[in-house]
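Me: Please take a close look at one part of this structure, the salt bridges and the packing around them. I would like one connected account rather than a list.

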Amino acid sequence: SDGRSVRNLLASVAPRQLVLIGGAEKAIKSLSEDVRRRKMCSKIFSPRSCETINAQLDTDVQDVALHDTLAARMRWKSLMGYELAKVECSVRKNCNNSEPKKQSVLTLYERQEAADGKSGFPAILVSFGDVQLTQISSALKKVGLSTTFAAAKLTVNGKIVVTKNSDGILHIDGPICKEYFEVRKILYKQYTMVS
């Protein structure tokens, strides 16, 4: 896949450590430097063929069990051959006293709604590949909205401004009006929502 797609995927996944293998040396070096510059993860490895690396994390690894009620409520979304689901849960430790050497297992249960009726975190928007302002402009023109580019800003119908920051995050600015909601709808169509 192209470099932009890989960088966008890395920004979405936010790995703690990254191992780069199997590409051209120049491409690996470029990606490695970009990931370091953007501080996307704490450690980057690019081992040579047959080289051993220690990519151990400084955290404990836990076995977890997914409770049936939680598993039944998970909503899976497909994105470029991967299956994604957002999990909001409570965690309980199950100790097995009959086997003292065996590590306790954490069980993930369906999270209960808060007293105020609110539950959890907002949905996650994921794209495979970098969403470009030019793509958005084309999609907006297809629905009859006029767009202009100036100073890395996409202006829609002279009212709404779409910008993209250095981390690839898109922002919509402008008055709350019909065009605002049309632009937002088009932007959301560029992503897969995992909720």
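Reply: In this predicted model, the side chains of Glu179 and Lys159 meet in a salt bridge, with 3.4 Å from N to O. Glu179 belongs to helix α5, while Lys159 sits in the loop between β10 and β11, so the pair ties together parts that are 20 residues apart in sequence. The two partners can be described by their accessibility. Glu179 is buried, at a relative accessible area of 15%, because the limit for that class is under 20%. Lys159 has a relative accessible area of 40% and is partly exposed.

Helix α5 holds another such pair. Lys178 forms a salt bridge with Glu182, and their closest N and O atoms are 4.0 Å apart. Both residues lie in helix α5, 4 residues apart, which is about one turn of the helix. Lys178 is exposed, with a relative accessible area of 63%, whereas Glu182 counts as partly exposed at 24%. The 4.0 Å distance of this pair can be set against the rule for a salt bridge, which asks for a side-chain nitrogen of Lys or Arg within 4 Å of a carboxyl oxygen of Asp or Glu.

Two aromatic residues, Tyr180 and Phe181, form an edge-to-face pair, with 5.5 Å from centre to centre and 85 degrees between the planes. A search of the whole structure finds 1 aromatic pair. Tyr180 is buried, with a relative accessible area of 16%, and Phe181 is partly exposed at 39%. The angle of 85 degrees falls in the edge-to-face class because that class takes planes over 60 degrees apart.

Next comes the nonpolar packing. The largest nonpolar core has 16 residues, and those with the most contacts inside it are Ile136, Leu140, Leu154, Val156, Leu170 and Val183. At least two residues of this core come from each of α4 (133-142), β10 (153-156), β11 (160-164) and α5 (178-189). Helix α5 therefore appears both here, as a supplier of core residues, and in the Glu179 to Lys159 link, where Glu179 is its residue. Leu140 gives a view of the packing itself: leaving out residues up to four places away in sequence, Leu140 touches Leu145, Thr147, Leu154, Val156, Val183 and Ile186. Apart from the core of 16 residues lies another core, of 9 residues, among them Leu18, Leu20, Met40 and Ile44.

The count of salt bridges comes to 4. Asp34 and Arg38 make one of them, the closest N and O atoms being 3.5 Å apart. Asp34 is buried, at 8% relative accessibility, and Arg38 is partly exposed at 25%. Arg37 also takes part, since Asp34, Arg37 and Arg38 are linked in a network of salt bridges.

A last feature is on the surface. Val19, Ile21 and Ile53 make a nonpolar surface patch of about 250 Å². Of these residues, Ile53 is found in the loop between β2 (43-45) and β3 (64-66), and Ile53 is partly exposed, with a relative accessible area of 30%.

Technical notes:
Residues are numbered from 1 along each chain as its sequence is written. This is a predicted model: local features need pLDDT of at least 70, side-chain atom pairs count only at pLDDT 80 or more; totals for chains, interfaces and linings use all residues. Side-chain values use heavy atoms; hydrogens and water are left out. A nonpolar core is a set of buried Ala, Val, Leu, Ile, Met, Phe, Trp, Tyr and Cys residues joined through side-chain atoms within 4.5 Å. Buried means under 20% relative accessible area, exposed over 50%, partly exposed in between (1.4 Å probe, protein chains only). Contact means heavy atoms within 4.5 Å. Rings of Phe, Tyr and Trp (its six-membered ring) pair if their centres lie within 6.5 Å; planes under 30 degrees apart count as stacked, over 60 as edge-to-face and the rest as tilted. Patches are made of residues with over 30% relative accessible area and no salt bridge: like charges are joined within 9 Å, nonpolar side chains (Val, Leu, Ile, Met, Phe, Trp, Tyr) within 5 Å. Accessible areas come from the Shrake-Rupley method with a 1.4 Å probe; for residues, only the protein chains shown count as cover.
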